[in-house]
Amino acid sequence: MAATRPLAIVTGASSGIGFELARECAENGFDLLIAADRPLTNAVRDLTSQGARVEAIQAELATPEGVDALCAAVKGRPVDALLANAGHGLGNGFLDQSFDEITHVIDTNITGTLYLIHKVGTDMRTRGSGRILITGSIAGFMPGAFQAVYNGTKAFIDSFSWALRNELRDTGITVTCLMPGATDTEFFARADMLDTKVGTEKKMEASQVAKIGFKAMMDGEADVVAGFRNKIQAAVAAVTPSTVLAEQHRRMAEPGSAKHHRSSHR
Ligand SMILES: NC(=O)c1ccc[n+]([C@@H]2O[C@H](COP(=O)([O-])OP(=O)(O)OC[C@H]3O[C@@H](n4cnc5c(N)ncnc54)[C@H](OP(=O)(O)O)[C@@H]3O)[C@@H](O)[C@H]2O)c1
């Protein structure tokens with residue numbers, strides 16, 4: 001009989017950082033249960049070629065039903081690692097965003113993420129072991145003018161992650177927060193931010209970010225900011241007044257800021 005490989009759940013694994021996190025898991029001996037809200041056929045094919053057994057669930061993780069469907073697919077197996085990564089942004093001014101879209105960001109990034117961690121974390125605590133990696137963001141350190149709700153959700157997630165880690169310190173479960181900066185994924189297209197400075201400037205590769213996050217999770221670190229430039233940005237943000245950070249964010253994320261950025265560099 002084939003030896004049992006540990007099982008990892010990766011959400012948001014159809015593209016970007018989540019797909020690369022799943023690849024790291026596969027390359028490092030995990031079997032996978034992956035989830036996203038669009039079909040995962042390509043991801044399953046690519047990850048299976050790394051030697052992992054891969055199951056995919058197409059589920060709307062902003063809803064309790066979607067999270068329940070993902071948990072049902074675990075079928076009682078022990079989950080060794082939970083990589084709660086699914087999330088999305090939302091550009092434009094708050095009053096110009098649709099409230100349905102606003103709710104979807106909060107329900108995906110916060111409520112669905114917490115519901116999943118609550119369910120899987122409870123089983124991990126019963127077993128006395130497990131690794132949880134949560135994708136937060138350095139966006140959580142700055143008030144995100146023209147992406148206000150998203151940055152707020154990431155401030156919540158960063159904070160929640162550190163608190164949960166502390167609560168679980170004697171349980172055998174480690175909680176790690178991966179905090180990427182701008183990363184080259186479908187994030188900015190999906191958030192309607194392709195005409196912004198941050199949406200158009202050079203970004204880190206998702207594969208690099210995932211490698212850093214996976215290693216931090218395996219090492220049981222509390223958190224990791226991906227990349228040297230982002231580490232500097234995060235450190236500077238910690239000592240910069242919030243009003244200044246909001247103004248800086250406006251320059252990166254205001255619709256049309258890509259044009260100002262390009263013309264100022266001519
Ligand atoms: N890119 C950046 O600059 C950046 C920076 C810091 C943090 N992050 C965080 O990194 C994480 C991954 O984002 P990414 O940059 O890799 O973007 P991405 O390429 O758009 O990937 C997002 C993933 O999350 C899934 N997803 C989003 N909403 C979902 C929902 N309601 N239900 C189920 N699946 C959902 C997407 O599934 P579908 O493709 O099926 O829709 C996709 O697999 C997010 O939490 C994001 O906030 C990104």
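In this predicted model, the charged end of K203 sits over the ring of F188, at 4.9 Å from the centre of that ring. The ring of F188 also belongs to a group, since Y150, F187 and F188 form one aromatic cluster. Within this cluster, Y150 and F187 make an edge-to-face pair, with 5.0 Å from centre to centre and 65 degrees between the planes. Y150 lies in helix α5, which runs over residues 148–167, while F187 lies in helix α6, residues 187–190, so that the pair links distant parts of the chain, 37 residues apart. Both Y150 and F187 are buried.

How many aromatic pairs does a search of the whole structure find? The search finds four, and another of them brings F30 and F214 together, with ring centres 6.2 Å apart. Because the planes of these two rings stand at 90 degrees to each other, the pair is edge-to-face; the angle needed for that name is over 60 degrees. F30 is found in the loop between α1 (16–27) and β2 (31–36), whereas F214 is in helix α8 (residues 206–218), and the two are 184 residues apart along the chain. F30 is buried, because its relative accessible area is 5% and the word applies to values under 20%. F214 is buried as well, with a relative accessible area of 5%.

From the rings we can turn to the charged side chains, among which the count of salt bridges comes to 14. One of these salt bridges joins D31 to R5, with 3.0 Å between the closest N and O atoms. D31 stands in strand β2 and R5 in the segment before β1 (7–11), so here too a pair links distant parts of the chain, with their positions 26 residues apart in the numbering. Is D31 buried or exposed? At 7% relative accessibility, D31 counts as buried, whereas R5, at 26%, counts as partly exposed.

A second salt bridge connects R38 with E186, and their closest N and O atoms are 3.2 Å apart. R38 is in the loop between β2 and α2 (41–48), and E186 is in the loop between β7 (183–184) and α6, which places the two partners 148 residues apart. Both ends of this bridge are partly exposed, R38 at 42% relative accessibility and E186 at 43%.

Another salt bridge runs between two helices, where D68 in helix α3 (residues 64–72) and K119 in helix α4 (residues 99–127) are 51 residues apart in the chain. The closest N and O atoms of D68 and K119 are 2.6 Å apart. D68 is partly exposed, with a relative accessible area of 30%, and K119 likewise counts as partly exposed, at 29% relative accessibility. Salt bridges can also share partners, and in this way R5, D31 and R53 are joined into one network.

The next topic is the ligand. It is surrounded by 33 residues, and the closest are S14, D37, Y150, T185 and R190; Y150 has already appeared above as a member of the aromatic cluster. A polar side-chain atom of S14 lies 2.6 Å from an oxygen atom of the ligand. On the side of the ligand's nitrogen atoms, an N or O atom in the side chain of E60 is 2.7 Å from one such nitrogen, and L61 uses its backbone, an N or O atom of which lies 2.9 Å from a nitrogen atom of the ligand. How much of the ligand's accessible area does the protein cover? Of the 890 Å² that the ligand has on its own, the protein covers 99%. The elements that give two or more residues to the shell around the ligand are α1, α4, α5 and α6, and the largest share, three residues, comes from α6.

Finally, the backbone deserves a look. Most residues other than glycine have a negative phi. N92, however, has a positive phi near 80 degrees, although it is not a glycine. N92 lies in the loop between β4 (81–84) and α4, and with a relative accessible area of 23% it is partly exposed. D192 is also not a glycine and has a positive phi, of about 60 degrees, and its place is in the loop between α6 and α7 (197–200).

How values were computed:
Residues are numbered from 1 along each chain as its sequence is written. This is a predicted model: local features need pLDDT of at least 70, side-chain atom pairs count only at pLDDT 80 or more; totals for chains, interfaces and linings use all residues. Side-chain values use heavy atoms; hydrogens and water are left out. Rings of Phe, Tyr and Trp (its six-membered ring) pair if their centres lie within 6.5 Å; planes under 30 degrees apart count as stacked, over 60 as edge-to-face and the rest as tilted. Helices (H or I, at least four residues) and strands (E, at least two) are DSSP runs, numbered from the N terminus. Buried means under 20% relative accessible area, exposed over 50%, partly exposed in between (1.4 Å probe, protein chains only). A charge sits over a ring if NZ of Lys or CZ of Arg is within 6 Å of the ring centre and within 35 degrees of the ring normal. A salt bridge is a side-chain nitrogen of Lys or Arg within 4 Å of a carboxyl oxygen of Asp or Glu. A residue is near a molecule or strand if one of its heavy atoms lies within 4 Å of it. A polar contact is a pair of N or O atoms within 3.5 Å; within protein, one must be able to donate a hydrogen and the other to accept it, and residues adjacent in sequence count only if both atoms are side-chain atoms. Accessible areas come from the Shrake-Rupley method with a 1.4 Å probe; for residues, only the protein chains shown count as cover.
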